[in-house]
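User: I have a structure to go through and would like some help reading it. Could we take it one topic at a time?

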Amino acid sequence: MRITTILVGLLGVFVLLVLGGALFTVRETETVILTQFGRPVGDPITAPGLHWKTPFVQDINRLEK
C-alpha cells in the first residue's frame, strides 16, 4: 500500500513536469517562433493565449511585435 502511494506520487510529479514543459502562453504584444533543434518549425505564433509544444524537443523564442 505504501509503495503504491509513493509510485503514484512520483508519477504525478513526472506528469506535472512534462505538462509544465509542454504548455506556454503568448501575450498580445509578442510573437513566438518555435524551434526544434535550432531550426524554425511552422509559422510564427501571433495569436495570444495558451499553446502547446513538444516538451524537451522544441524551444520558444519570444519577439516583441
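Analyst: A definition comes first: a residue is called buried when its relative accessible area is under 20%, exposed when it is over 50%, and partly exposed in between. Please also keep in mind that this is a predicted model.

User: Is threonine 35 buried or exposed, and why?

Analyst: Threonine 35 is buried, because its relative accessible area is 11% and the limit for that class is under 20%. Threonine 35 belongs to strand E2.

User: Which side chain does the side chain of threonine 35 make a polar contact with?

Analyst: The partner is the side chain of asparagine 61, at 3.3 Å. Apart from neighbours within four places in sequence, threonine 35 is in contact with Pro40, Val41, Val57, Gln58, Asp59 and Asn61.

User: Gln58 is on that list. Where does glutamine 58 lie?

Analyst: Glutamine 58 is part of strand E5. Glutamine 58 is buried because its relative accessible area is 8%. When residues up to four places away in sequence are not counted, glutamine 58 touches Leu34, Thr35, Gln36, Val41 and Lys53. Its side chain also has a polar atom 3.0 Å from the backbone nitrogen of threonine 54.

User: Now lysine 53. Where is it, and what is 5.2 Å away from it?

Analyst: Lysine 53 is in the loop between strand E4 (49-52) and strand E5 (58-64). The residue 5.2 Å away is aspartate 59, which has the nearest side chain of opposite charge. Lysine 53 is buried and has no salt bridge; a salt bridge requires the nitrogen and the carboxyl oxygen to be within 4 Å.

User: Which backbone oxygen lies 3.0 Å from a polar atom of the lysine 53 side chain?

Analyst: That oxygen belongs to glutamine 58. With residues up to four places away in sequence not counted, lysine 53 touches Gly21, Ala22, Phe24, Leu34, Gln58 and Ile60.

User: On to salt bridges. How many does the structure hold, and which residues are involved?

Analyst: The structure holds 1 salt bridge. Glutamate 30 forms a salt bridge with arginine 62, and their closest N and O atoms are 2.6 Å apart. Glutamate 30 is in strand E2 and arginine 62 is in strand E5, so the pair ties together parts that are 32 residues apart in sequence. In general, side chains of opposite charge can pair when their charged atoms come close.

User: Are glutamate 30 and arginine 62 buried, exposed or partly exposed?

Analyst: Glutamate 30 counts as buried because its relative accessibility is 3%. Arginine 62 counts as partly exposed because its relative accessibility is 39%.

User: Different topic: backbone angles. What is phi for phenylalanine 37 and for phenylalanine 56?

Analyst: Phenylalanine 37 has a positive phi of about 55 degrees. For phenylalanine 56, phi is near 70 degrees, also a positive value. Neither residue is a glycine. As background, most residues other than glycine have a negative phi.

User: Where are these two phenylalanines, and how accessible are they?

Analyst: Phenylalanine 37 lies in the loop between strand E2 (30-36) and strand E3 (39-40), and phenylalanine 56 lies in the loop between E4 and E5. Phenylalanine 37 is exposed because its relative accessible area is 68%. Phenylalanine 56 counts as exposed because its relative accessibility is 70%. The C-alpha atom of phenylalanine 37 is separated by 6.9 Å from that of glutamine 58, with the two positions 21 residues apart along the chain.

User: Last topic: the surface. Which residues make the nonpolar patch?

Analyst: Leu11, Phe14, Val15, Leu19, Leu23, Leu50 and Trp52 make a nonpolar surface patch of about 730 Å². Helix H1 (2-22) and strand E4 are the elements that give two or more residues to the patch. The largest share, 4 residues, comes from H1.

User: How accessible is leucine 50?

Analyst: Leucine 50, in strand E4, counts as exposed because its relative accessibility is 59%.

User: And glycine 49, which is also in E4?

Analyst: Glycine 49 is partly exposed because its relative accessible area is 28%. Leaving aside neighbours within four places in sequence, glycine 49 is in contact with Phe24, Thr25 and Val26. Glycine 49 and glycine 9 are 30 Å apart, C-alpha to C-alpha, and 40 residues apart in sequence.

Key:
Residues are numbered from 1 along each chain as its sequence is written. This is a predicted model: local features need pLDDT of at least 70, side-chain atom pairs count only at pLDDT 80 or more; totals for chains, interfaces and linings use all residues. Side-chain values use heavy atoms; hydrogens and water are left out. Buried means under 20% relative accessible area, exposed over 50%, partly exposed in between (1.4 Å probe, protein chains only). Lys and Arg count as positive and Asp and Glu as negative; His and the chain ends are not counted. A polar contact is a pair of N or O atoms within 3.5 Å; within protein, one must be able to donate a hydrogen and the other to accept it, and residues adjacent in sequence count only if both atoms are side-chain atoms. Contact means heavy atoms within 4.5 Å. Patches are made of residues with over 30% relative accessible area and no salt bridge: like charges are joined within 9 Å, nonpolar side chains (Val, Leu, Ile, Met, Phe, Trp, Tyr) within 5 Å. Accessible areas come from the Shrake-Rupley method with a 1.4 Å probe; for residues, only the protein chains shown count as cover.
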